[in-house]
Each structure stands twice: as structure tokens, then as C-alpha cells.
Amino acid sequence: MSANSGSGSRPWLAAHGKLWYDDRWYRIAWIVWPQAIGLLLFVTLWLFHPAAGFIPWGKSVAEKKDPPAPAPAPKPQPLPPNEQPADILAPCKNGSFTDIIPACTALLGSGRLTGDNIAWAYWNRGWAYQSTKQYQSAMSDYNRAIAIDPRESDFFNDRGNLWIDLDNNERSLQDYDQAILLKPDYALPYVGRGAALRNLKRPNEALVALTKAISLDPTVWQSYEHRAFIYEDREDWRAMYNDANKLIELKPDYRMGYEFRGHAYLEVGQYQPAVNDFTKAIDLDAETIYGWRMRGRAYYFLNQFDNAMSDLQAALRIDPRDNSTLTF
């Protein structure tokens, strides 16, 4: 086959050959442009490939890693006994009431107390003042404690108790209500409410408060004592007997449980058990007139008149003007 016949069948090849040899820029274009297009294609594919390292949003989900979790904080180790922090309020809380008052006063004047410790120092001193019947000083300290920390229910509860000591039962109810508002599951303010309401001759409300206190904490013995007084006023001897038993269980060295139970026995005609309980009450506190007088009555119904007379005379030695004994 001749060259002419080959070029005639492929005219584009002849034109390409002519331009290749005659046109320098044609030759450059054929050499440069294919390489440029190939390079552009390579760069484009590399940039948008999921494995591209410098485009964060281009990483595959599988390669996205969460930052490492912080190492857990070491558990605090208890201090050795000789390095335990001292209770700065200890001198203000321990000892007799006459020791607590000067100890708290010294701490409050030392400048060492900060924050809530100041309030608790006033409260401790106020409690000691109240226990020693220094009511004005107690009120001043309770007021200071509450002014520093009005969120503490104990402060309001004990100031409520102080108002009862001052025979201001209506005012005590306000403090008990505030103590309950701050701590609804706190039994002691309900006990205080029950006592104040009994003093105000509102026994139905008192019973509600005292029963609520017992439901919150059945180990608070004062609840049973105040409730037994109400049952005694109502002559509900069975209920008084039950509360007396609980009071004896919780506080066996307290005479009131035996006096309540002895009275219940006496009213239902069980005179010897009554004598036994009043004897126990007298053993615990021989300076209280009630036990002598009531045991004298029990002896009387047992026809033991000499014992009855002896007990009534003992009662009159304690209080020669006691009308209940004189009119027996």
C-alpha cells in the first residue's frame, strides 16, 4: 500500500502530521495539555477522597475518633489518725453546760471561726443558756444563729422550744412551722407543735402533730409523753397505757412512763400493778409528789390503810399545801 493511499484514507492524520512539523505551539499543546489534565484529575481525586488527611470533613466516619476519656481522679485516701482535721467547735459542744458557755464565748471572740461555724457556736451557747434557764441570753444567741444561717431547721426548732419555756406558745408555732418548712421530714418540730397546741387547749390539733412526729420517727420518746397527757385528760386509759409502755421501752429510767401506766392500772382497778409502777417512779425520783399521792390511793383501794397514810404524809412533806393530797 502506497503512502498516498494511506494518507488519503486518513486525512486527519495527514493534517496532524503537517501541524506537528510546521506549528511549534501545536506540538507544545499536545505535550503539555494531556499531562496538565492528568495532574488535575489526580489532585481532584486525592483532595476529595475519604482518606484525605488535611480535610477534616472528608474523613470517613470509621476514622473519626472520640478524644480519649480523661483518667479517673484518684480516690481520696483517709488521713492517718494524727493528721485528721480537728473539730474546731469541739470545746463548744462537749462538757457540762457551765463549761460550754465560756468555751463558746472564747471561740466566738478568737476570730478563728468562719461561715456556718459562727452560727453553730451561737446555737450551742444558746442551748447551754436555755438549759441553765438563762432565757434572755439564749434568745439573743438563737437570734444571731438564725440571722447568720436562716436555712438551718434546728435553730428554729430550738427557738420554738425556748418560746414555750417563756410561755409564748403562739410564737413558738411560727418557729416550728418554719423548721418544718425547711425540713418536712424532721420529727422534732412536730413534737414541739404538739406540746404548744396542748398548752393552748387545742388537743385535736396536738394529737395530729404528735402522731405525725411518731410516724416520722417512732424513737422520739417526747411524742409519747405529750400524747399520753392528752389521753389522760380524755380519760382514754387504754391509749394512755399503750403510750406509757412505749415511753418505758424508749426511756426506762424516766419516771413519767411508770406514772402514766400506774395511773391507767389504777383507773381500771388493777391496784397491785399500779402500786408496782408508782413504786418504780418513786425510786427514780422521790422528790415528785405525784408518785406518793397516787400510790397512797392504790394502797387505799387495797385496804392497806397504814401504807396509804404513810404515802399521803410523804406527799405532804414535799408540798404541805397540795390540794389534791389534802382533799383525798
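This short talk covers the largest pocket of the structure and three pairs of packed helices.

Please note that this is a predicted model, in which local features need pLDDT of at least 70 and side-chain atom pairs count only at pLDDT 80 or more, while totals for chains, interfaces and linings use all residues. Residues are numbered from 1 along each chain as its sequence is written, and side-chain values use heavy atoms, with hydrogens and water left out.

I begin with the pocket. The largest pocket has a volume of about 360 Å³. A pocket here is an open set of points on a 1 Å grid over the protein atoms alone, where a 1.4 Å probe fits, with protein on both sides within 12 Å along at least five of seven lines; the volume is the space filled by probe spheres set on the points, which are joined across faces, edges and corners. Lining residues have an atom within 4 Å of a point.

Which residues of the lining are the closest to the centre of the largest pocket? They are Asn161, Val191, Ala195, Gln222 and His226, out of 15 lining residues. Helices α7 (153–165), α9 (187–199) and α11 (221–233) each supply at least two residues of this lining, and α9 gives the largest share, five residues. Helices are DSSP runs (H or I, at least four residues), numbered from the N terminus. By class, the lining has seven nonpolar, six polar and two charged residues. In this scheme Ala, Val, Leu, Ile, Met, Phe, Trp, Tyr, Cys and Pro are nonpolar, Asp, Glu, Lys and Arg are charged, and the others, Gly among them, are polar.

I turn now to helix packing. Helix α11, which we met at the pocket, also packs with α12 (residues 237–250): their axes come within 9 Å and cross at roughly 160 degrees. Axes are lines fitted to C-alpha atoms over the stretch in contact, and angles run from 0 to 180 degrees between N-to-C directions. The two helices are therefore roughly antiparallel, a term for angles over 145 degrees. Contact means heavy atoms within 4.5 Å; among the residues that meet are Trp221 and Tyr224 in α11 and Trp237 and Met240 in α12. The residues of this contact divide into nine nonpolar, no polar and five charged.

Next, α13 (residues 255–267) and α14 pack at about 160 degrees, with axes 8 Å apart, and are therefore roughly antiparallel. Their contact includes Arg255 and Tyr258 of α13, and Tyr271 and Pro273 of α14. It comprises nine nonpolar, two polar and five charged residues.

Finally, α14 (residues 271–284) and α15 (residues 289–301) have axes that come within 9 Å and cross at roughly 160 degrees. This pair is therefore roughly antiparallel as well. Tyr271 takes part in this contact too, and the residues divide into 11 nonpolar, two polar and one charged.

Notes:
Angles under 35 degrees count as roughly parallel, over 145 as roughly antiparallel, 65 to 115 as roughly perpendicular and the rest as oblique.
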